[in-house]
Amino acid sequence: MKPTENTVFPFTGAIYLRAIHVLNPRTRNQWHSDMAALRTAMDHLIESEYAKELERFSAEFAERLVQEGGWELQFVPGYMRDEDGVVHITHEDAKALLKNWPDPTRLPDGFPDQKISDIEALEEVVRLRSKSEQKDHPSEAQAYALMALEKIFAIDSLLSEDPRSSTLRGLPPDTLLRAAAAAIESMEMVCAAERRLVQEKLPTDAADHVRRLESEAQGLARRSMAESGARSRWANSPKTAAKQQVKECWERWHRDPGRYRSMKEFAFDMLSKYQALENPETIQRWCRTWQAEVASNVTTMPARS
C-alpha cells in the first residue's frame with residue numbers, strides 16, 4: 001500500500017502527517033521493514049498471551065464444573081451420568097469438554113473471547129525491546145508512529161476495495177465500523193508516539209517517572225474494567241439468581257422440615273423449578289454449606305446474661 005495522507009476517512013490525513021513527523025529521519029523503506037517486524041512480534045505476543053489465558057480459564061472452568069456444575073454439563077456424554085441423572089465428571093473430563101466444545105455459538109460462561117489489543121501488545125513489545133542489546137530498532141516513539149501508520153494504510157486498503165469510497169455515503173455499515181475502529185486505534189497510537197517523543201527529550205529520571213505513572217494508570221484502568229465486567233456477568237447470571245431463590249426455599253424447608261424427606265428430594269425439586277440449574281449434586285453442596293453456616297452461627301452466639 002503506497003503511503004498517502006489523502007485518505008477520505010475523517011482525521012486520518014492529520015494522523016498520517018503527525019506520524020511521519022515522529023518517524024523523521026527514518027526512510028520509507030525502513031518504515032515497511034520496521035512495521036513488518038513489529039507486527040510479527042505483536043502477533044506472536046497476542047497469540048501467546050491468549051494461549052495462557054485459555055489455559056487459566058480451562059483450569060477454572062474444570063474446577064467450577066466439578067465443584068458447582070453448570071449449564072455446560074448438558075454437553076457431557078451420557079456415560080458420565082448415573083441412573084438418577086447426576087453427572088460424575090473429573091477435572092480432566094471438564095478440560096476435554098472445553099477443548100472439544102460442540103457449540104461455537106454458545107460458549108461457556110466467562111470464556112475468554114477477546115485477545116489483548118494491538119496497543120497493549122505494542123506496549124509490551126516496546127518494553128521488551130528496551131531491554132535488548134540490539135540498537136537498530138526504531139525508538140519507542142517511532143514504534144507507536146509506525147503502528148499508527150499501519151492502521152491508516154489498513155483503512156485506505158479497506159476503502160479502496162469498495163467503489164463507493166470516494167465519499168463515505170453508501171458504504172456498508174460493517175466497512176464503516178471497521179474503518180472507524182482502526183481510525184480510533186491510529187489516533188491512540190499517534191498520541192502515544194508524541195508523548196514518548198516528548199519523554200525522549202526529558203532527563204532520564206523524569207522520563208522514567210512519567211512512563212511509570214502512565215503504565216500504572218493504564219494497568220489500573222484495565223484491571224478495573226476487567227473486574228467490573230466479571231462482577232457484572234456474575235451478578236446478572238441466571239445461575240446466581242436461581243441460587244438465591246433456592247436458598248430462600250431451603251430456609252423455608254429449614255423452618256418446616258416436613259416439606260422434604262431428604263436433601264436429595266429437595267435438590268431434584270429445585271432442579272425441576274429452575275432451568276438455570278443443571279446438577280442436583282451442586283444444589284446439595286449448597287445445602288451443606290448453608291447448614292454449616294447456620295450451625296456455626298448457633299455455636300458462636302453469645303450466652304444470655
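Contact here means heavy atoms within 4.5 Å. The model is a predicted one. With that cut-off in hand, start at Arg26.

Arg26 sits in the loop between α1 and α2. Set aside its neighbours within four places in sequence, and Arg26 is in contact with Trp31, Asp34, Asp136, His137, Pro138 and Gln142. One of these contacts, Asp34, is also a salt-bridge partner: the closest N and O atoms of Arg26 and Asp34 are 2.7 Å apart. Are the two partners buried or exposed? Buried means under 20% relative accessible area. Arg26 has 18%, so Arg26 counts as buried. Asp34 has 11%, so Asp34 is buried too.

The Arg26 pair belongs to a wider topic. Side chains of opposite charge can pair when their charged atoms come close. How many salt bridges does a search of the whole structure find? The search finds 18. One of them joins the side chains of Arg18 and Glu194, at 2.7 Å from N to O. That pair links distant parts of the chain. Arg18 belongs to helix α1, residues 12-23. Glu194 belongs to helix α6, residues 173-200. The two are 176 residues apart. Arg18 is partly exposed, because its relative accessibility is 28%. Glu194 is partly exposed as well, with a relative accessible area of 28%.

Glu72 offers another case. Glu72 forms a salt bridge with Arg64, and their closest N and O atoms are 2.7 Å apart. Glu72 has 0% relative accessibility and therefore counts as buried. Salt bridges can also join into a network. Arg39, Asp43, Asp118, Glu150, Lys151 and Glu185 are linked in this way.

Now the rings. The whole structure holds 11 aromatic pairs. Phe61 and Trp101 form one of them. Their ring centres are 6.5 Å apart and their planes stand at 85°, an edge-to-face arrangement. This pair, too, links distant parts of the chain. Phe61 is in helix α2, residues 28-67. Trp101 is in the loop between α3 (91-99) and α4 (118-130). The separation in sequence is 40 residues. Both Phe61 and Trp101 are buried.

Tyr260 and Phe266 make another pair. Their centres are 5.2 Å apart and their planes meet at 85°, so this pair is edge-to-face. Tyr260 counts as buried because its relative accessibility is 15%. Phe266 has 0%, so Phe266 is buried as well.

Which residues form one aromatic cluster? Phe57, Phe61, Trp71, Phe75, Trp101 and Phe111 do. The Phe61 and Trp101 rings described above are among them. Trp71, another member of the cluster, also has a charged neighbour. Arg106 lies over the face of Trp71, at 3.9 Å from the ring centre. Tyr50 has a similar visitor in Lys115. The charged end of Lys115 sits over the Tyr50 ring, 5.2 Å from its centre.

Phe266 leads on to helix α9, residues 263-273. The buried residues of α9 are Phe266, Ala267 and Met270. Why do these residues lie on the same side of α9? They cover an arc of only 100° around the axis, which puts them on the same side. The helix repeat gives the background. An α-helix has 3.6 residues a turn, so residues three or four places apart point the same way.

Helix α8, residues 238-255, holds Cys249. Leaving aside its neighbours within four places in sequence, Cys249 is in contact with Phe266, Met270 and Tyr274. Two of those names, Phe266 and Met270, are buried residues of α9. Cys249 and Met270 are 21 residues apart in sequence. In space, their C-alpha atoms are 8.5 Å apart. Cys249 is itself buried, with a relative accessible area of 8%.

Cysteines close the tour. A disulfide needs two cysteine sulfur atoms within 2.5 Å. How many disulfides does this rule give? The count comes to 0. Accessibility can still be read for other cysteines. Cys191 has 29% relative accessibility and so counts as partly exposed. Cys287 is buried, with a relative accessible area of 1%.

Key: Residues are numbered from 1 along each chain as its sequence is written. This is a predicted model: local features need pLDDT of at least 70, side-chain atom pairs count only at pLDDT 80 or more; totals for chains, interfaces and linings use all residues. Side-chain values use heavy atoms; hydrogens and water are left out. Buried means under 20% relative accessible area, exposed over 50%, partly exposed in between (1.4 Å probe, protein chains only). Helices (H or I, at least four residues) and strands (E, at least two) are DSSP runs, numbered from the N terminus. The arc is that of the directions from the helix axis to the C-beta atoms. Rings of Phe, Tyr and Trp (its six-membered ring) pair if their centres lie within 6.5 Å; planes under 30 degrees apart count as stacked, over 60 as edge-to-face and the rest as tilted. A charge sits over a ring if NZ of Lys or CZ of Arg is within 6 Å of the ring centre and within 35 degrees of the ring normal. A salt bridge is a side-chain nitrogen of Lys or Arg within 4 Å of a carboxyl oxygen of Asp or Glu.
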